Amino acid sequence: MATQEDRLKDIIGHAKEYGFVFPSSEIYDGLSATYDYGQLGAELKNNIKNYWWKAMVQMHENIVGLDAAIFMAPQVWKASGHVDAFNDPLIDNKDSKKRYRADVLIEEHIEKIRQKNNKEVEKGQKRFGDAFNEHEFRTTNPTILRREEEITGIENRMRDALTNDKLDDLKLLIEELEIVCPLSGSKNWTDVKQFNLMFSTELGSVSGESSKIYLRPETAQGIFVNFLNVQKSGRMKIPFGIAQIGKAFRNEIVARQFIFRMREFEQMEMQFFVRPGEEGKWYEYWKDYRIKWHKALGFSENAYRFHDHIKLAHYAKAAADIEFDFPMGFKELEGIHSRGDFDLKQHEEFSGKKLRYFDPELNESYIPYVVETSVGLDRMFLAVLSQSYKDETLEDGTTRVVLSIPPALAPYKVAVLPLMKKDGMPELAREIIDGLKFDFNCQYDDKDNIGRRYRRQDAIGTPFAITVDQESLIDKTVTLRERDSMKQERVPIQDLYRIIDEKVNMRNLLVG
Ligand code: GAP
């Protein structure tokens, strides 16, 4: 049985071998936590972006998109609170010299306690079979209840230490829980220190504090500073949203786990502006909408869970993560945040410009409240890749690696394969591609035997392969092979468009 670590390694190897993701600057031995998307990775990434943009912007009358600059006036980051509060609490192990996020060490400890409870539940399930009632077991079993109480106690202390910047308490908690360094196994910890995550650089040729600018750590601020521009030019009426896809940069200390945590990454964010007092309703609405968007991809229902934040970001009044079952366990995929009027109010104060909305129904002006949805594009990519990756043993004992990528997201939709490189088969294959390529990304492949070519398409997740053979030249039919079932059927060339479209059209994914 492959371990989770093996599985992640296999996925990373596969992603490199087939041109999805390469380590950045590899010929110079790479740059840590930085990756490049290859020829298939770029296609998959674009399709994920498209799925998000269609669902969030084009399917909503009251949501529009923008594309703001990465560089922004430095005051933006003072106003947003990032200069003062966008920190990670870090702790070093003196023996291994390894640096950790103090809150992550504690959260991992909590997760271990949770796992023990899950094991207890599994045992109960085995013992009582169908008569087992998980809810009752979890709410009455004394061992489980004691551990839950322990978790709540730790969470409360961590919350207090993080929100009140009590770094000594955080260290004390790590010591009391007897957390050891995973590398050295020792409890020899330094004090906890705050570390700002923003990258800075200098504008123009002058150096010094006055010309210091930042690479944006979130795309959201490009939306806030343009709130009135968009509202006025687009005649937007509250409630309305502004969405954006773009790069963000964070000097992550614990940057690891492939593309899960990088220093340069992409976010897909939407800020939804609402009447003050209505944010609770919209927060629930967007939590529900976003989880549906994820689940529409057809992966296991159990691959998702909500997790309410213990430590709220400096801007948030309420926040929940959609966590995903990555190869390294459940981790944050998306955040949904109720940001109140924090950002617009701060920008009003720092810029001296009014950022208000006149509500004709209420006949008053106010600073709107904001509910934000923010999903990492690279994490979506890893979620899709890891859930799609399958190492299968077939009925005849042979094996294949297949990427069962949801067809609408697959890099190529169709591969067209002439059985032989002669007798007009390549020409007919190209003719078929010419008829399909405006709507579906097609690949032509005439190398190797047909079995190997099918395997290659399986490995890159192409939902359909079309084989052109001698018969095709006579009766204008081809063999259509479906990736997941490997079923083959003979279909007229003129039906190909309809059959492929039915399966790969993004319409199939879009909810509401
Ligand atoms: N505007 C709100 C915001 O930026 P966040 O929870 O810090 O909130 C949102 O980030 C999402 O961005 C996360 O849920 C995650 O998917 C993605 N993300 C954050 N840091 C990342 C990193 N270092 N590498 C890859 N993705 C990251």
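**Exercise 1.** With the side chain of which aspartate does the side chain of serine 404 make a polar contact?

*Solution.* The model is predicted. Start with the location: serine 404 sits in the loop between strand E18 (399-403) and strand E19 (414-418). Next, list its contacts. Leaving out residues up to four places away in sequence, serine 404 touches Ser388, Lys390, Arg483 and Asp484. Now look for polar contacts between side chains. Serine 404 makes one with aspartate 484, at 3.1 Å. Serine 404 makes one with lysine 390, at 3.2 Å. Last, check burial. Buried means under 20% relative accessible area. Serine 404 has 13% relative accessibility, so serine 404 counts as buried.

**Exercise 2.** Determine where the salt-bridge partners glutamate 120 and lysine 123 stand in helix H5, and whether each is buried or exposed.

*Solution.* Take the helix first. H5 (residues 102-128) has 27 residues and reaches 40 Å from its first C-alpha to its last, close to the 39 Å expected. Then the pair: the side chains meet at 3.7 Å, N to O. Glutamate 120 and lysine 123 are three residues apart, so about one helical turn separates them. Glutamate 120, at 18% relative accessibility, counts as buried. Lysine 123, at 51%, counts as exposed. Helix H7 (142-163) is among the elements that cover the buried residues of H5.

**Exercise 3.** Find which elements the salt bridge between aspartate 458 and arginine 481 ties together.

*Solution.* Check the distance: 3.0 Å, N to O. Place the partners: aspartate 458 lies in helix H15 (residues 450-460) and arginine 481 in strand E22 (residues 477-482), so the bridge ties together parts 23 residues apart in sequence. Both aspartate 458 and arginine 481 are buried.

Key
Residues numbered from 1 in each chain as written. Predicted model: local features only at pLDDT ≥ 70, side-chain atom pairs only at ≥ 80, totals over all residues. Heavy atoms only, no water. Helix = DSSP H or I, 4+ residues; strand = E, 2+ residues; numbered from the N terminus. Expected span 1.5 Å × (residues − 1). Contact = heavy atoms within 4.5 Å. Buried < 20%, exposed > 50% of the residue type's maximum accessible area, 1.4 Å probe, protein only. Polar contact = N/O pair within 3.5 Å; in protein donor to acceptor, adjacent residues only side chain to side chain. Salt bridge = Lys/Arg side-chain N within 4 Å of Asp/Glu carboxyl O.
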